Amino acid sequence: MEYLIRYYEKNDKGEWKEFEPPKEDIETKCSICGSKAFKDPYGNGHCDNCGWIFEKDEVELEKSRGISFPMIATPTTAREQYKKGLPFKATFDEFLNGLYFYSEMLFEYNNEIYEVFLRANKNSKNNEDSDIVFCSKEFQQEYKSRKEFENKANINGVLLKDMWEKIEKPSFMY
Ligand SMILES: [Zn+2]
């Protein structure tokens, strides 16, 4: 299993160093499928039954940002997908919520990687009014707002929002 959460601590020289993630050996109940799952002392963990990876603030994060971390899909979306036997996948809307949380996102389509990231412009004071850049090896598109991205971002003329079901592995950039 691949983990996106990494742990850092400062060493004697004041440099940040990655360290081994703490053991996930505290029993808990998976918030998605209800199976027995395991978490570490910080509240981060995973479920072997459904594959959900969670962190301690997932209820709060869904409420405040409309996402989860590192899965992106909210627990509400994930529970619906689990019930239907579908793999976990962020909706188009959740993917964009993730963009404003993390600034850099990826997905795959037809074995190609596509990037979506925020780029500050001279007027932007925060993430919400940054430009959105959408690019692949073949193209680069730039949008001024979330609304414009939602209505215009496309691959070969097909709107991203209309082809989202064909999009694979939407994720935070790693
Ligand atoms: Zn589970």
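Among contacts in the protein between residues at least 6 apart in sequence, what percentage join residues at least 24 apart? The share is 30%. The points below concern a predicted model.

1. Overall composition. The protein has 174 residues, and 24% of them count as buried. Its secondary structure consists of four helices and 13 strands. The C-alpha trace spans about 50 × 50 × 30 Å along the principal axes.

2. Domain division. Domain 1 covers residues 7-83, and domain 2 covers residues 92-172. Taken over C-alpha atoms, the centres of domain 1 and domain 2 are 25 Å apart. Contact between the domains involves eight residues of domain 1 and eight residues of domain 2. On the side of domain 1 that touches domain 2, four residues are nonpolar, three are polar and one is charged.

3. The E1-E2 hairpin. Strand E1 (residues 7-10) pairs with strand E2 (residues 16-19) over four bridges, in the antiparallel sense. Within this pair, Tyr8 is found opposite Glu18 of E2. Five residues lie between the two strands of the hairpin, and Gly14 in the turn has a positive phi of about 80°.

4. The four-stranded sheet. An open sheet has its strands in the order E3-E4-E5-E6, and the pairing is antiparallel. Strand E3 (26-29) and strand E6 (53-54) each have a single partner strand, so each of these edge strands has one side without a neighbour in the sheet. E3 is joined to strand E4 (residues 36-39) by four bridges, the two strands running antiparallel. Thr28 has Ala37 in E4 as its bridge partner.

5. The cis peptide bond. The bond between Phe69 and Pro70 is cis, with omega of about 5°. Pro70 is located in the loop between helix H1 (58-65) and helix H2 (75-83).

6. The five-stranded sheet. A second open sheet to be considered has five strands in the order E10-E9-E8-E7-E13, with antiparallel pairing. Its edge strands, E10 and strand E13 (168-172), each pair on one side only. Ignoring direction, neighbouring strands of this sheet are turned by 15° against each other on average. Helix H3 (residues 92-102) packs on the sheet and touches strand E7 (104-109), E8 and E13. The direction of H3 makes about 145° with that of E7.

7. Pairing around E9. On one side, strand E8 (residues 112-119) pairs with E9 over five bridges in the antiparallel sense. Two residue pairs can be named here: Val116 has Phe134 as its bridge partner in E9, and Leu118 stands opposite Ile132 in E9. E9 is also joined to strand E10 (residues 140-143) by four bridges, again antiparallel. In that pairing, Phe134 stands opposite Gln141 in E10. Phe134 thus has a partner in E8 and a partner in E10. E9 and E10 form a hairpin, with four residues between the strands.

8. Side-chain alternation in E9. In a regular strand, side chains alternate between the two faces of the sheet. Which residues of strand E9 (residues 131-135) point to one face and are buried? They are Ile132 and Phe134. Asp131, Val133 and Cys135 point to the other face and are not buried.

9. Positive phi at Ser103. Ser103 is not a glycine, yet its phi is positive, at about 80°. The residue is placed in the loop between H3 and E7. Why does Ser103 count as partly exposed? Its classification follows because it has 16 C-beta neighbours inside 10 Å, whereas 20 or more would be needed for a buried residue and 12 or fewer for an exposed one.

10. Positive phi at Asn156. Asn156 likewise is not a glycine and has a positive phi, of about 50°. Asn156 is part of the loop between strand E11 (154-155) and strand E12 (158-159). Asn156 counts as exposed because it has 7 C-beta neighbours inside 10 Å.

Definitions and conventions
Residues numbered from 1 in each chain as written. Predicted model: local features only at pLDDT ≥ 70, side-chain atom pairs only at ≥ 80, totals over all residues. Domains from an automatic or database assignment. Contact = placed C-beta atoms within 7 Å. Nonpolar A, V, L, I, M, F, W, Y, C, P; charged D, E, K, R; others polar. Pairing = 2+ DSSP bridges. Axes fitted to C-alpha atoms, helices over the stretch in contact; angles between N-to-C directions.
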